[in-house]
Amino acid sequence: MSTGLSEQSAERVKELVSGARLTVITTHKSPDGDAVGSTLGLWHILRSAGKEAVVLVPDEVPEFLRWMPGFDGVRVFSEDPQGSSQLIAEADLLVSLDYNHLSRTGPEVETELRKSRAPFILIDHHQQPEAFAEVTYSDTRACSTAEMVYRMAVQLGWKDHISAGAAECIYCGIMTDSGSFRFPAVSPDTHRIAAELMERGLDHARVHREVYDTNLQDRLKLIGYALNEKLEVIPECAVAFIALTRDELERFNYRPGDTEGLVNQALSIRGIKLAAFFREGANEVKVSFRSKGYFDVNRFARGGWNGGGHMNAAGGSSPESVEEAIARFRIEVMALREEILKA
Ligand code: 5GP
Ligand code: MN
């Protein structure tokens, strides 16, 4: 069962929120459904409670998340570094959602956040949160940060501030981070929260449609190409992986979010215990890891891939070339073969 805030933390959150003039809500780089859903969910709640708040994301939000109510007011640091830095400087309360370390916001946002004298509230479900916040609400058993935002709102007596719009954002965070309610972290509580969100007027079918049924042809073709031409299986290690170079991505007019879920396709192969996805970026290779069972990809990502996440879903990056990263990955999984096979 997931937990709420301690009584002391709940009181402190109330004090900090009521004392703040401007609250800036931030999340991690390459924002996903939970990042955008939890920040906008909280934004709606604070606004309904009569507080001034702004959501600031480090970089571009994928198109399939831009339908969320309130998205028009979201500020994107990479699109306006100066204005965004000023916004952070003006904030007298900073809320960090869906990340466990300030470095997850990227070097520029991290620098600005570290300069601020404003108190932080951290709400997150990743393991080993950095101790930078005055209030840390960490629950590594929660399937999503959005679920935690909901629980906190109820605990603080803000339930009436959860409008249908807030409910849609929160539901989107839960739905995307739980793999549509199928990952092991989903609890009876998750379903209860989803039910309560529906009772608040959310159109769950719309949320699903906006996120999953708005593909462009290019994206489907990229996924088709990746599965048909780029999927590699290492059967003796129960490992499958896909790597895409910048050239390949450009061929299909890649846009952020287009390869979301691809790593899960690799993991879905019968008998595969560990899957990886490599995406060549401008200066680094971005990696995603997924596992079935007990192989801990959070530890694996922290080990050699400058990353982290959860036991069954983690990510990281590497300054190597794609070829080098794949070669190293092959060596690492070969060395961990027994551990992966018995997971
Ligand atoms: P994804 O593979 O979908 O990008 O991310 C899966 C999980 O790993 C998410 O929970 C995400 O927060 C975490 N993650 C992804 N990339 C990184 C990274 O570069 N560093 C860390 N610490 N965590 C990451
Ligand atoms: Mn999350």
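## Parallel sheet

Strand S2 (residues 52–57) pairs with S3 in the parallel sense, over two bridges. Arg75 in S3 is the bridge partner of Leu56. This is a predicted model. The pair belongs to an open sheet of six strands, ordered S3-S2-S1-S4-S5-S6, with parallel pairing. Strand S3 (75–76) and strand S6 (135–138) form the edges. Each has a single partner strand, so one side of each lacks a neighbour in the sheet.

On its other side, S2 meets S1. S1 and S2 run parallel and are joined by five bridges. Val24 stands opposite Val54 in S2. Strand S1 (residues 22–26) is mostly covered, with five of its five residues buried. Leu22, Val24 and Thr26 point one way from S1. Thr23 and Ile25 point the other way. Both sets are buried.

## Manganese site

The manganese ion (ligand 2) has four named protein donors: Asp34 (OD), Asp98 (OD), His125 (NE2) and Asp177 (OD). They lie 2.2 to 2.4 Å from the ion. Along the sequence, the donor residues follow the spacing D-x63-D-x26-H-x51-D. Asp34 in helix H2 and Asp177 in helix H6 (residues 164–177) link distant parts of the chain, 143 residues apart. Asp34 and Asp177 are both buried.

## Helix H6

Helix H6 supplies the donor Asp177. Of the 14 residues of H6, 13 are buried, so the helix is largely enclosed by the rest of the structure. Its length also fits expectation. At 1.5 Å a residue, H6 should span 20 Å, and its end C-alpha atoms are 20 Å apart, which agrees. Just after H6 comes Gly179, with a positive phi of about 60°.

## An enclosed cavity

Rolling a probe the size of a water molecule over the atoms shows where empty space is left. How many cavities of 30 Å³ or more does the count give? The count comes to one. The largest cavity holds about 40 Å³ of space.

Its lining consists of Val13, Val17, Leu42, Leu46, Val95, Ile121, Ile123, Met152 and Trp158. Helix H1 (7–19), helix H2 (33–48) and strand S5 (120–124) each give two or more residues to this lining. H2 thus appears again, having also carried the manganese donor Asp34. By class, the cavity lining has nine nonpolar residues, no polar ones and no charged ones.

## Mixed sheet

A second run of strands builds another open sheet. Its six strands take the order S7-S8-S9-S10-S12-S11, and the pairing is mixed. S7 and S11 stand at the edges. Each has a single partner strand, so one side of each is left without a neighbour in the sheet.

At the S7 edge, S7 and S8 pair in the antiparallel sense over four bridges. Glu232 has Phe241 in S8 as its bridge partner.

## Two residues with positive phi

Most residues other than glycine have a negative phi. Ala238 has a positive phi, near 60°. Its place is in the loop between strand S7 (231–234) and strand S8 (239–244). Asn306 also has a positive phi, near 55°. Its place is in the loop between helix H12 (297–304) and strand S11 (308–309).

Is each of these residues buried or exposed? Ala238 has 5% relative accessibility, so it counts as buried. Asn306 has 63% relative accessibility, so it counts as exposed.

## The second largest pocket

The second largest pocket holds about 210 Å³ of space. Its lining residues are Arg246, Leu249, Glu250, Tyr254, Arg279, Glu280, Gly281, Ala282, Asn283 and Glu284. Helix H10 (246–251) and strand S9 (274–280) each give two or more residues to the lining. H10 gives the most, with three residues. S9 is also a member of the mixed sheet.

Which classes of residue make up this lining? There are five charged, three nonpolar and two polar residues. The lining of the largest cavity, by contrast, has no charged and no polar residues.

Technical notes. Residues are numbered from 1 along each chain as its sequence is written. Chains are lettered from A and ligands numbered from 1 in the order in which they are written. This is a predicted model: local features need pLDDT of at least 70, side-chain atom pairs count only at pLDDT 80 or more; totals for chains, interfaces and linings use all residues. Side-chain values use heavy atoms; hydrogens and water are left out. On a 1 Å grid over the protein atoms alone, a cavity is a set of points where a 1.4 Å probe fits but cannot get out, and a pocket is an open set with protein on both sides within 12 Å along at least five of seven lines; lining residues have an atom within 4 Å of a point. Grid points are joined across faces, edges and corners, and a volume is the space filled by probe spheres set on the points. Ala, Val, Leu, Ile, Met, Phe, Trp, Tyr, Cys and Pro count as nonpolar, Asp, Glu, Lys and Arg as charged, and the others, Gly among them, as polar. Donors are N, O and S atoms within 2.8 Å of the metal (3.2 Å for Na, K and Ca); water is not among the atoms, so sites may look incomplete. Buried means under 20% relative accessible area, exposed over 50%, partly exposed in between (1.4 Å probe, protein chains only). Two strands pair if DSSP finds at least two bridges between them. The expected span of a helix is 1.5 Å times one less than its number of residues.
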